[in-house]
Amino acid sequence: MEKVKVINRSGHPLPAYETTQAVGLDVRAATAEPLTIGPLQRVMVPTGLYFQIPEGYEIQVRPRSGLAAKYGITVINSPGTIDPDYRGELKVLLVNLSNEPFVMQPGERVAQLVFARCERLVWEEAVVLDETQRGAGGFGSTGMK
């Protein structure tokens, strides 16, 4: 299990897995006051968290399904990526896709973090690519059910 150094200036507990088999860690808003997000408004929500991610890994910032389903609140650049060389505060870019204002409370769980291993690649320019059954079939080409 990889260890990740973290500075927590949020005043809240560190992100945690909510169940024994959860993949995402819930991250909380580090705001002093409630924050209202209007319809179609984007906001950068501070978390008070700073990470030292091991080389070869990223942290993905993903929406919380409950906020999305109940209130239309989602991470606009989902999934967002935190690179291992970034040392600034994690801020979550949220958008309100509903027609109603949403009031976020201090300490509210606003997103989830997923740690993922990443491989770097080297391009190999080619003139042709190997054939596959799918070929150049795009969106919906494997069937709609």
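Reader: Which strand holds Thr74?
Author: Keep in mind that this is a predicted model. If you look for Thr74 along the chain, you'll land in the run of residues 73-75. That run is strand 6.

Reader: Is Thr74 buried or exposed?
Author: The relative accessibility of Thr74 comes to 17%. The cut-off for buried is under 20%. Because 17% falls in that range, Thr74 counts as buried.

Reader: What does Thr74 touch, leaving aside its neighbours within four places in sequence?
Author: Pro63 is one of the residues in contact with Thr74. The others on the list are Leu93, Leu94, Val95 and Leu97.

Reader: Which side chain of opposite charge is nearest to Glu89?
Author: Glu89 sits in strand 8, residues 89-96, and is buried. A salt bridge has to be within 4 Å. The nearest candidate is 4.3 Å away, so Glu89 has no salt bridge. That candidate is Lys91.

Reader: Which backbone nitrogen does the side chain of Glu89 reach?
Author: Not counting residues up to four places away in sequence, Glu89 touches Pro46, Thr47, Gly48, Leu49 and Tyr50. With one of these, the side chain of Glu89 gets to the backbone nitrogen at 2.7 Å. That nitrogen belongs to Gly48.

Reader: In what order do the four strands of the open sheet come?
Author: The pairing in this sheet is antiparallel. Strand 2 (25-28) and strand 7 (80-82) are the edges, each pairing on one side only. Read across, the order is 2-10-5-7.

Reader: Which residue stands opposite Ile59?
Author: Strand 5 (residues 57-62) and strand 10 (residues 109-117) run antiparallel, joined by six bridges. Across from Ile59, in strand 10, is Phe115.

Terms used:
Residues are numbered from 1 along each chain as its sequence is written. This is a predicted model: local features need pLDDT of at least 70, side-chain atom pairs count only at pLDDT 80 or more; totals for chains, interfaces and linings use all residues. Side-chain values use heavy atoms; hydrogens and water are left out. Helices (H or I, at least four residues) and strands (E, at least two) are DSSP runs, numbered from the N terminus. Buried means under 20% relative accessible area, exposed over 50%, partly exposed in between (1.4 Å probe, protein chains only). Lys and Arg count as positive and Asp and Glu as negative; His and the chain ends are not counted. A polar contact is a pair of N or O atoms within 3.5 Å; within protein, one must be able to donate a hydrogen and the other to accept it, and residues adjacent in sequence count only if both atoms are side-chain atoms. Contact means heavy atoms within 4.5 Å. Two strands pair if DSSP finds at least two bridges between them.
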